[in-house]
Amino acid sequence: MNKLELKNLTKTYGTKNANSNITITFENGVYGLLGPNGAGKTTLMKQITTLIEPSKGEIIYNGKNIKELDEKYRDLIGYLPQDFGVYKNFSAKQFLQYVAALKGLSGKYARKKIDKLLKLVGLYEVRNKAVGKFSGGMKRRVGIAQALLNDPKILVLDEPTAGLDPQERARFRNLISQMSKEKIIILSTHIISDIESIAKETIMIKDGAILMKGSHKDILLGMEGKVYRIKTDSENEVYEIQNKYKVVNIQRGVNDVELRIISDNVPQYKETKAVEPKFEDVYMFYFDLENTKEM
Ligand SMILES: Nc1ncnc2c1ncn2[C@@H]1O[C@H](COP(=O)(O)OP(=O)(O)OP(=O)(O)O)[C@@H](O)[C@H]1O
């Protein structure tokens with residue numbers, strides 16, 4: 001069994017809540033935390049990894065409070081922080097040996113594990129090269145390898161795909177999917193396509209609180225009948241539509257303009273068509289469109 005329950009987690013700094021009343025149950029699989037900068041994702045991840053103590057609420061792992069489990073709980077965690085740094089002069093292998101030693105792993109077991117992980121993240125061939133010479137994506141992969149050294153049951157990845165190119169991102173998604181059967185994997189991202197392809201459940205966070213959570217399908221269902229495409233050749237209408245509705249996308253053709261909008265009521269324009277919601281619409285509806293597109 002692998003079950004992690006967050007109950008009413010709240011973190012207060014002075015008069016400000018970095019998060020409040022977060023209640024979620026995680027079981028094996030990938031969970032995506034989606035939200036704009038400052039929404040409270042990092043705070044939540046640090047609470048889960050015990051780096052931040054909640055001001056209120058509790059965390060229960062397999063029926064036991066993690067305060068009681070203490071070291072036993074920390075041994076189950078693998079964490080890739082957002083600001084993960086590596087020692088530039090170390091080779092990938094030396095760096096992993098160093099982290100392994102910090103985690104209390106040594107000898108033949110550690111050596112075997114390190115080789116296995118270097119192969120898993122595709123860095124075995126360059127294992128003796130200085131990490132300082134690695135690309136951003138390669139450094140991120142070293143970060144993922146170090147998070148996996150202790151065979152974690154709970155893997156927490158803060159913005160793991162930041163700075164990865166599309167090929168590296170695809171590789172990363174495959175890696176995560178392969179591991180998700182026997183682990184709880186919690187990852188935060190701004191990138192909708194990360195969530196669409198691997199998360200079994202998405203938790204949308206805004207201003208420190210959960211806005212919505214559910215499967216991709218459940219979340220899209222909530223937007224059913226709210227997304228429309230309007231075509232017009234009148235600039236006045238474009239202006240009016242932009243003022244009246246949340247516009248997700250706007251495309252200018254030679255003779256007309258096509259707008260993708262979100263509305264609770266059917267818009268009354270000549271060329272209006274209801275369309276299938278996409279995850280991007282959901283994000284736009286609740287947050288803003290900035291930072292959501294794959295770079
Ligand atoms: N040590 C602190 N003292 C005061 N306020 C803090 C502290 N840490 C975080 N906050 C505030 O709590 C809120 C949530 O921060 P958090 O870092 O969890 O957001 P986030 O969603 O992870 O954003 P990002 O993606 O930028 O890391 C922010 O408004 C932030 O300014």
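**Exercise 1. The crossing of H4 and H6**

Work out which handedness the crossing of H4 and H6 has, and how the two helices are oriented to each other in this predicted model.

*Solution.*
Step 1: Find the helices. H4 covers residues 92–102, and H6 covers residues 136–148.
Step 2: Look at how one passes the other. You should find that H4 and H6 make a right-handed crossing.
Step 3: Check the geometry. The packing angle is about 30 degrees, and the axes are 10 Å apart. That makes H4 roughly parallel to H6, because angles under 35 degrees count as roughly parallel.
Step 4: See who touches whom. From H4 come Ala92, Phe95, Leu96 and Val99, and they meet Val142, Ala145 and Gln146 of H6. Sort these contact residues and you get six nonpolar, one polar and no charged.

**Exercise 2. H4 again, with another partner**

Now take H4 and H5, and decide how H4 is oriented to H5.

*Solution.*
Step 1: Locate helix H5, which spans residues 107–120.
Step 2: Get the numbers. The axes of H4 and H5 come within 10 Å, with a crossing at roughly 130 degrees.
Step 3: Name the arrangement. That makes H4 oblique to H5, because the angle lies outside the ranges for roughly parallel (under 35 degrees), roughly antiparallel (over 145) and roughly perpendicular (65 to 115). The way H4 passes H5 is right-handed.
Step 4: List the contacts. On the H4 side you have Ala92, Lys93, Leu96, Gln97 and Ala100; on the H5 side, Ala110, Ile114, Leu117 and Leu118. This contact divides into seven nonpolar residues, one polar and one charged.

**Exercise 3. Around the ligand**

Which element gives the most residues to the shell around the ligand?

*Solution.*
Step 1: Collect the residues. Around the ligand you'll find Tyr13, Lys16, Ala18, Gly35, Asn37, Gly38, Ala39, Gly40, Lys41, Thr42, Thr43 and Gln82.
Step 2: Match them to elements. Strand S2 (16–26) and helix H1 (41–48) are the ones that give two or more residues to this shell.
Step 3: Pick the winner. H1 gives the most, with three residues.
Step 4: Sort by character. The shell holds three nonpolar, seven polar and two charged residues.

**Exercise 4. The annotated span**

Find which residues the "domain: ABC transporter" annotation covers, and describe that stretch.

*Solution.*
Step 1: Read the record. An unreviewed UniProt entry places this annotation on residues 4–232.
Step 2: Compare the ends. The end C-alpha atoms of residues 4–232 are 51 Å apart.
Step 3: Add the make-up. This span is 35% helix and 30% strand.

Terms used. Residues are numbered from 1 along each chain as its sequence is written. This is a predicted model: local features need pLDDT of at least 70, side-chain atom pairs count only at pLDDT 80 or more; totals for chains, interfaces and linings use all residues. Axes are lines fitted to C-alpha atoms, for helices over the stretch in contact, and angles run from 0 to 180 degrees between N-to-C directions. Helices (H or I, at least four residues) and strands (E, at least two) are DSSP runs, numbered from the N terminus. A crossing is left-handed if the near helix is turned anticlockwise from the far one by less than a right angle, and right-handed if clockwise. Two residues are in contact if their C-beta atoms, placed from the backbone, lie within 7 Å. Ala, Val, Leu, Ile, Met, Phe, Trp, Tyr, Cys and Pro count as nonpolar, Asp, Glu, Lys and Arg as charged, and the others, Gly among them, as polar. A residue is near a molecule or strand if its C-beta atom, placed from the backbone, lies within 6 Å of it. UniProt positions are given in the numbering used here, feature names are shortened, and annotations may be inferred rather than shown by experiment.
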